[in-house]
Amino acid sequence: MAKINQESIPAIDEEVPTQIKNPELVRERRRHIIDSTVTLFIEHGYHKTTTRMIAKAAGFSIGSLYEYVSSKEDLLYLVCKAIHEEVQDAVEDALSNTAKEREQLAEVIRQYFYVCDRMADHILMMYQVTQFLPHKWKEQVLVNELNITDIFIKTLGQLSGKNNFPKLSGKILNLVGHNISVLGQMWAFRRWHLKKEFTIDEYISIQTDFILGLIF
């Protein structure tokens, strides 16, 4: 299963407090706990997975686990936030490594889809168990989901009307941004079937042509 990029997990999250003062240690330990949580949720389901099971899978005592998180809900929130941060990092890298606007957008799509491939289990789990979260966390997960789409909308806005890139209306920016977000996640949701017909690179190529066709 794909592992979360260590740098994508915040050292100390103000909304998920920790008793540990060392930011590097918090980042490292939460990474292991999150990966273990995803595996257990997928294998056993949200309700049947206990914090004791998570602690054992991650190599912690139950007391040590509670030094980093206080509940399963905290862990799900951290998974969702890590997905968002990894997408953000991938988009920033893509924009910095290419020159022409069309190529920049194609690279943004490619890198985002690779994130969806690497973190497919995390994305699938996020949607499966969000319904069980308390209202506070459920709202925050939905905000994080829209924040991912906003990354693409803002990227398109930066490219819009620049050199040979068409000038896009606000409605089109919004629609294409949502298309990118959903088509990437579709690979995570439907990979059990799509992998029978396509490699991830073939999928990226076809969907990139489709998205660019909405613009050019």
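Let's start with the largest pocket, where α7 supplies the largest share of the lining, 6 residues. Keep in mind that this is a predicted model. Two elements each give two or more residues to that lining, namely α4 (72-97) and α7 (135-159). If you want to find the spot, look for H84, Q88, V91, E92, L95, N147, D150, I151, K154, T155 and Q158, which line the pocket. They're a mixed bunch: 5 polar, 3 charged and 3 nonpolar. The space they surround comes to about 150 Å³.

Now move on to the largest nonpolar core. In soluble globular proteins, nonpolar side chains tend to be buried together. Here the core has 64 residues, and V87, L105, L156 and I180 are the ones that touch the most other members. Plenty of helices chip in with at least two residues each, among them α1 (23-44), α5 (101-118) and α8 (170-194). The largest share, 11 residues, comes from α4. For a closer look, pick L156: setting aside neighbours within four places in sequence, L156 is in contact with L105, F165, L168, L173, V176, G177, I180 and I215.

Last stop: cavities. There is 1 cavity of 30 Å³ or more, and the space in the largest cavity is about 40 Å³. Its lining is made up of I83, V87, Y112, V115, C116, I123, M126, I148 and Q185. Two or more of these residues come from each of α4, α5 and α6, with α5 giving the most, 3 residues. By type, the cavity lining has 8 nonpolar residues, 1 polar and no charged. You've met V87 already: V87 lines this cavity and is also one of the core residues that touch the most other members.

Key:
Residues are numbered from 1 along each chain as its sequence is written. This is a predicted model: local features need pLDDT of at least 70, side-chain atom pairs count only at pLDDT 80 or more; totals for chains, interfaces and linings use all residues. Side-chain values use heavy atoms; hydrogens and water are left out. On a 1 Å grid over the protein atoms alone, a cavity is a set of points where a 1.4 Å probe fits but cannot get out, and a pocket is an open set with protein on both sides within 12 Å along at least five of seven lines; lining residues have an atom within 4 Å of a point. Grid points are joined across faces, edges and corners, and a volume is the space filled by probe spheres set on the points. Helices (H or I, at least four residues) and strands (E, at least two) are DSSP runs, numbered from the N terminus. Ala, Val, Leu, Ile, Met, Phe, Trp, Tyr, Cys and Pro count as nonpolar, Asp, Glu, Lys and Arg as charged, and the others, Gly among them, as polar. A nonpolar core is a set of buried Ala, Val, Leu, Ile, Met, Phe, Trp, Tyr and Cys residues joined through side-chain atoms within 4.5 Å. Buried means under 20% relative accessible area, exposed over 50%, partly exposed in between (1.4 Å probe, protein chains only). Contact means heavy atoms within 4.5 Å.
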